[in-house]
Amino acid sequence: MLDIQLKKSLHGADGPMAIDVSLTVAAGEFITLFGESGAGKTSILRMLAGLMAPDAGRIQVGEEVWYDNARGIALSPQRRSVGLVFQDYALFPHLTVRENLEFAVAGKGEQAFIAKLLEMTNLVDLAGKKPATLSGGQKQRVALARALARRPRLLLLDEPLSALDLASRLRLQDELQQLHREFGTTTILVSHELSEVFKLSQRVFQLAAGKVIKSGTPEEVFIRDRVSGKFRFTGEVVAIRKEEVIHVITVLVGNHAVNAVASDDDVRELNVGDRVVLFSKAFNPIIMKVS
Amino acid sequence: MPFDPAPLLLTFKLAAVTTLILLLVGVPIAYGLAFHRFRLKSVCETVVAMPLVLPPTVLGFYLLLLLGQNNPLSRLLADSFNLRLVFTFTGLVLASVIYSLPFMVHPLQTGFQGVPVVLAEASYTLGKSRLVTLFRVILPNMKPAILTGLVLSFAHTVGEFGVVLMIGGNIPGRTRVASIAIYDEVQALNFQAAHMHAFILLAISFVTLLTVYTVNRRYFR
């Protein structure tokens, strides 16, 4: 279990801001800090990793106290079991992919684990390459594998997918999900990308100006008028096509494109890229065996 | 008159020893100036940069006073460690280290500031100490700066004249470096001998710098 209380005054681009948050995260949980840029998300991650000193508060991870200003405890980054994936990856340019991972582990005894990580992140063929020769998505996978190589108790992801194109983003979301299932590392994701939040996180804390303004499951936080549908999917509008009298709207749910029909009224408010909820009330879903 | 290679050899020996010591001294100084904020930092930066603007004779003059026979400090060194710094090679090395300090520290300081902070932070979060991070992450990512510092220090020491004259004098085989030998030969109207030294110095300096710039461009860009 992760218990976080942090206070910090910052002087950001928009003038002074005070971070004042209190979060509890269960062991193995995947949560998201969601908010506009400048809301203090990255600063919170940096304080958790020990790269920024809070003004006051407390960080407890399981039995370990990482920070407690009342008791004068502040562990250095080196002594905190964290894996931090930086926004711009921060790969070591002079080391190959494999050497970047090896840098993270203490002894020589972790070769098997490194091999497994390389395989899970599809980096086996790139293991001998330097970061400069990799694409954005590949760099991100290296950063992720390197952060996990130390077997951290807490994985911190600072907008890891924001610089990637849609296809790589979707693939990396899947990989993140798999890695989380495999290792069960407690994970805090910083994001302002709703599709990521919905797909990956169990709970979300919405931040504004350094404070948590809403928290709960992604649906509780983001879908205001809750619908009482029998089944419901959230997705992203990728295309709107006008047919004879109706519109066909293509919605990306996970990795599947789903077509739905909509009237002129429905379409007026929709744009490509919008988050939407697909649900059915009056009809039972049809179930068909596929395997 | 046969050509005496001793002053040239002494020059390159002095430059090599000075450059090596400067690398060891320069890395911690440049690291401190690049990454730490402390009181009197401006004073430290000024002291490091002084040799850039000071006439070498001024530096040599004060070193001579400081290290001369009548100074208690130099008497202590001489009595306890049998270490004499005036008119000796050791004294030349000390003077050269001070004189060429900015030529090592400034490129290294710029190099340190050019390595993204986030690389060091990544190393810390991966459990590596500051020292390990310095040697395995920061220094390997500023090789051009290190090379520049080495070459500038070496070249500057080769070219030094005033400080050497003040602190080392002109003792053949011990403190008589090439630049002084040239001056000496010109004074004695031995233009041919002066020319031998001068031309070899010119050629070696040119080739060294050319090699460094070529290597720098080809491998580190």
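A:Arg58 is a good place to start: with a relative accessible area of 22%, A:Arg58 is partly exposed (buried means under 20% relative accessible area, exposed over 50%, and partly exposed in between, with a 1.4 Å probe and protein chains only). This is a predicted model, where local features need pLDDT of at least 70, side-chain atom pairs count only at pLDDT 80 or more, and totals for chains, interfaces and linings use all residues. Residues are numbered from 1 along each chain as its sequence is written, chains are lettered from A and ligands numbered from 1 in the order in which they are written, and side-chain values use heavy atoms, leaving out hydrogens and water.

Now let us see what A:Arg58 pairs with. A:Asp68 forms a salt bridge with A:Arg58, with 3.0 Å between the closest N and O atoms; a salt bridge here is a side-chain nitrogen of Lys or Arg within 4 Å of a carboxyl oxygen of Asp or Glu. A:Asp68 sits in strand β5 (residues 64-68) of chain A and A:Arg58 in strand β4 (residues 56-61) of chain A, 10 residues apart. Strands (E, at least two residues) and helices (H or I, at least four) are DSSP runs, numbered from the N terminus. A:Asp68 has 5% relative accessibility and so counts as buried.

Strand β5 also holds A:Glu64, which lies 89 residues in sequence from A:Arg153, in the loop between α4 (136-149) and β8 of chain A. These two form a salt bridge whose closest N and O atoms are 3.2 Å apart. A:Glu64 is partly exposed at 34%, and A:Arg153 is partly exposed at 37%. Salt bridges that share partners also join A:Arg58, A:Asp68 and A:Arg71 into one network.

How many salt bridges does a search of the whole structure find? The search gives 14 over all chains. Among them is the pair of A:Glu159 and A:Lys41, with closest N and O atoms 3.9 Å apart. Both A:Glu159 and A:Lys41 are buried.

Let us turn to chain B. Helix α1 (residues 6-35) and helix α5 (residues 89-114) of chain B pack at about 45°, with axes 6 Å apart. Axes are lines fitted to C-alpha atoms, for helices over the stretch in contact, and angles run from 0 to 180 degrees between N-to-C directions. α1(B) and α5(B) are therefore oblique to each other (angles under 35 degrees count as roughly parallel, over 145 as roughly antiparallel, 65 to 115 as roughly perpendicular and the rest as oblique).
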